[in-house]
Amino acid sequence: MRLKDTGMSAAELKAQVKKYMIETYERMDFVCDHAEGIYMYDENGEPYLDFYAGIAVNSLGNCNPKVVAAVIDQVQDVMHTFNYPYTIPQAILSKEICEAAGMDKIIYQNSGSEANEAMIKMARKYGVDHHGPEHFEIITAKKSFHGRTLGAMTATGQPESAIQVGFGTLPVGFKYAEYNNVQAFADAITPNTCAIMFEPVQGEGGVFPATQEFMEGIRKLCDEKGIMFLLDEVQAGWGRCGAFMCYQTYGVKPDGVSMAKAMGGGMPIAAVCATNELASAFTPGSHGSTYAGHPVACAASLAQLREMLRIDAPKNAQIVGDYFAEKLAKMPHVKAVRHRGLFVGVELEDGINSVEVKHHCIDNHLLVTAIGSNIIRMVPPLIIRAVDCDVAVERLSAAINAVAK
């Protein structure tokens, strides 16, 4: 549906949102009327270069034709069944994801938070089943982000932030250790620890990739202690970091991994992949969801997966990501650039407010997001080219200079 089909003006639509919706987001001051490829178009048909990609969702571009066609085709056959009968796209997708990820089993969810909740439950149940009723503690990283549901937000290592504050007593069983510090995690382990869980690239924490030593060290530590190694790849997975899953770029395999965001190409779908050992914790009744593994979402995901592999989007993410990072580092007032593939963070000099820069970028028709007071995060479609990066650098530079003045 486009704005012209509603009979409303943009101002009227915004007023309706303000009247009826519980707002928990800072809105960009334009209406997304339609989107295609690497662009989003406002109510006047003006294009915005989309380096936000629906928060790393539209990794093959907005409204990718293969994904759209798969959705239309599946809607005409089966729209919803729940998980009692076998459904065709779900079965085929399961095999192809597990093979691409090098994992044994998969369970579907609807969002990243739900996937992390499921993975947390799976690890806790495995610990309790195998080691006793107190064996459910999970160590996560400081400055992490794992979602907004109660378990996922408690796993998030930001106890003083708005993510956790004001919700009363949170679930027990979580501890936090310094990211990229193997010894800190080792020191946090107790006899009741069942798992270690972190993001291979901390997004909300400032776009900090894990070091090779950290990934290898945590894998070794988990093996030595007999605990599960869990990765949250809700945002880092599905091609963004230069391989299908980010952990594959390190040559390190976890026991469980969550995924979402780019998985559906714009349709809501998520999952947890696990080894046979970890997956054995879940049996009928252990977990469930009415919409998880939805036929239409699975059809979209299957089209997304096949197209991503066909065009080798992960390789493009690696090549273009390196090019983009090199260009960004040469911009004025930039303190540091951190990236893995097309998961990119730009740390600005002190005094250059990233929120103000973000707003100037929107005025310049470039969509990015701000983290804290001095970091710009970009997660563009994996189909962008060097020339698109050049445009983004030009517009971001103009925004930074405007704020600096």
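Two residues are said here to be in contact, or to touch, when they have heavy atoms within 4.5 Å of each other. The structure is a predicted model, in which local features need pLDDT of at least 70 and side-chain atom pairs count only at pLDDT 80 or more, while totals for chains, interfaces and linings use all residues. Residues are numbered from 1 along each chain as its sequence is written, and side-chain values use heavy atoms, with hydrogens and water left out.

The predictor's confidence in each residue, pLDDT, runs from 0 to 100; the chain averages 97, and 100% of the residues score at least 70. Helices (H or I, at least four residues) and strands (E, at least two) are DSSP runs, numbered from the N terminus.

**Two buried residues**

A residue is called buried when its relative accessible area is under 20%, exposed when over 50%, and partly exposed in between, using a 1.4 Å probe and protein chains only. The table sets out two residues that count as buried.

| Residue | Place | Relative accessible area |
|---|---|---|
| Asn110 | loop between β4 and α5 (112–131) | 19% |
| Lys358 | helix α12 (residues 354–363) | 12% |

Not counting residues up to four places away in sequence, Asn110 touches Pro268, Ile269, Ala270, Ser289, Tyr291 and Ala292. With its neighbours within four places likewise left aside, Lys358 is in contact with Glu26, Val368, Thr369, Ala370 and Ile376.

**Helix α11**

Helix α11 covers residues 313–329, and because the expected span is 1.5 Å times one less than the number of residues, its 17 residues should span 24 Å, which agrees with the 24 Å between its end C-alpha atoms. Its buried residues are Ala313, Pro314, Ala317, Val320, Gly321, Phe324, Ala325 and Leu328, and they pack against α10 (295–310), β13 (334–340), β14 (343–348), β17 (375–378) and α13 (386–404). An α-helix has 3.6 residues a turn, so residues three or four places apart point the same way.

**The second largest pocket**

The second largest pocket has a volume of about 810 Å³. Of the 26 residues that line this pocket, Asn83, Ile106, Ile107, Tyr108 and Phe282 are the closest to its centre. A pocket is an open set of points on a 1 Å grid over the protein atoms alone, where a 1.4 Å probe fits, with protein on both sides within 12 Å along at least five of seven lines, and lining residues have an atom within 4 Å of a point. The largest share of the lining, five residues, comes from β4.

Technical notes: Grid points are joined across faces, edges and corners, and a volume is the space filled by probe spheres set on the points.
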